[in-house]
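Q: Got a minute to go through this one with me? I'd like to start with the ligand site and then look at odd backbone spots.
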Amino acid sequence: MPFAHGVGGIAANTMGDNMRGSLAAPHPLYSGAEANGHIEFTGHEAAVHPNYSSNKVIGKTMSDLYERIEAAKAFIEAFGAVRPRVALILGSGLGSLADELSEAVTIPYAQIPGFPISTVHGHRSELAIGHLAGQAVAVMRGRFHFYEGYSMEQVTFPVRVLRALGCEFLFVTNAAGGLRRDWAVGDLMRINDHIFLTGMAGNHSLRGPNDERLGTRFPAMLDAYDAELGRVAHDVAQQQGTTLRDGVYFMLSGPTFETGAELRMCSAFADAVGMSTAPEVVVARHGGMRVLGVSLVTNLALPDGTPANHAEVLEAGEAAKPKFAGLLKGVLARL
Ligand code: HPA
């Protein structure tokens, strides 16, 4: 009987205290500019989580996200750039496509209110807005990863802002480990679906109060990756003589590369594995954007293969840059 008697109260109490305690503790990444010299403290992290406070705070927190989006939007609009129609998120090593924009306005993330900055080597951290292949685009040069310590809301905040700025499409790219033995390093894969394991396990980018102005509470994800954009991508790839695979992207939080057992699990359900993209795609779909996702296979992620490393990921990104850029521009020109 002591078991049945004691557990509920103790567990509830301990959890409550722990949650409050850990939410209040400053994360090293966000503890102020003086902590590491390049992460801006936004002050939002200090907000009380709605689940652990009163109804008043729930209302405040919802509008707070909306207001932060609007503030970032207003800040960016003040630069006088073109109104972007397509948002591009460029992953590891692919950022230089942003150099090809004409009439570009470039804004470092560190200046944009509410934006964190990326901490991963190989990513520049700036937003470029201009024209590419005849389209008005906003290019995120570098993205935020959950493994860096950002919350899912922070990881996906820029997508919210790009949506608010007018983007109807999201083109998202990443570096990924190929799970198929017959695939090669340097292959591109159009993402036709994803498994958002991090989200399924509780760290979901839509977790928390839902603001109906941003999207519906329970958005469908069956059509997360736009079929028509996928067809166009394959068509363009064929014209350009580029191999474009089609497959499922398995998102794990990282930052470790996978164990053999994890790779066997991933390969039972997916074709490529990586540490990004799914959170942003979910938020884009929540906001009604149409999504094209493309992975670059930077290494083969096989349980009996050689261990993956970050250097080879960057190297493969560099080598594949021209065909990756060609594909994206080809699809842009057809929108
Ligand atoms: N696993 C996870 N993420 C990755 C990989 C990998 O093998 N390659 C590039 N990103």
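A: Sure. One term before the ligand shell: strands here are DSSP runs of E, at least two residues long, numbered from the N terminus. Also, this is a predicted model.

Q: Fine. Which strand gives the most to the shell around the ligand?
A: β5 does, with three residues.

Q: And which elements supply at least two residues each?
A: β5 (169-178), β8 (272-274) and β9 (290-300).

Q: Which residues come nearest to the ligand?
A: Ala175, Gly177, Gly274, Ala301 and Ala308, out of 13 residues around the ligand.

Q: What's the shell like by class?
A: Eight nonpolar, four polar and one charged.

Q: Zooming out, how many helices and strands in the protein chain?
A: Nine helices and nine strands. The chain has 335 residues, and 42% of them are buried.

Q: What share of the contacts with a separation of 6 or more is between residues 24 or more positions apart?
A: 80% in the protein chain.

Q: Got an example of a residue with partners far off in sequence? Say, what does aspartate 193 touch?
A: Leaving out residues up to four places away in sequence, aspartate 193 touches Ala224, Tyr225 and Val248. Its C-alpha is 6.9 Å from that of alanine 224, and the two are 31 residues apart in sequence. Aspartate 193 itself sits in strand β6 (residues 188-196).

Q: Why does aspartate 193 count as partly exposed?
A: Because 18 other C-beta atoms lie within 10 Å of its own, and buried would take 20 or more, exposed 12 or fewer.

Q: OK, backbone. Where is the cis peptide bond?
A: From glycine 254 to proline 255, with omega near 5 degrees. Proline 255 is in the loop between β7 (244-251) and α7 (260-269).

Q: What's the usual case?
A: Most peptide bonds are trans, and most residues other than glycine have a negative phi.

Q: On that note, what is phi for glutamate 103 and threonine 277?
A: Positive, with glutamate 103 near 45 degrees and threonine 277 near 75 degrees.

Q: Where do glutamate 103 and threonine 277 sit?
A: Glutamate 103 is in strand β2 (residues 102-108). Threonine 277 is in the loop between β8 and α8 (278-286).

Q: Buried or exposed, for glutamate 103 and threonine 277?
A: Glutamate 103 has 10 C-beta neighbours inside 10 Å, so it counts as exposed. Threonine 277 has 25 inside 10 Å, so threonine 277 counts as buried.

Key: Residues numbered from 1 in each chain as written. Predicted model: local features only at pLDDT ≥ 70, side-chain atom pairs only at ≥ 80, totals over all residues. Near = placed C-beta within 6 Å. Helix = DSSP H or I, 4+ residues; strand = E, 2+ residues; numbered from the N terminus. Nonpolar A, V, L, I, M, F, W, Y, C, P; charged D, E, K, R; others polar. Contact = placed C-beta atoms within 7 Å.
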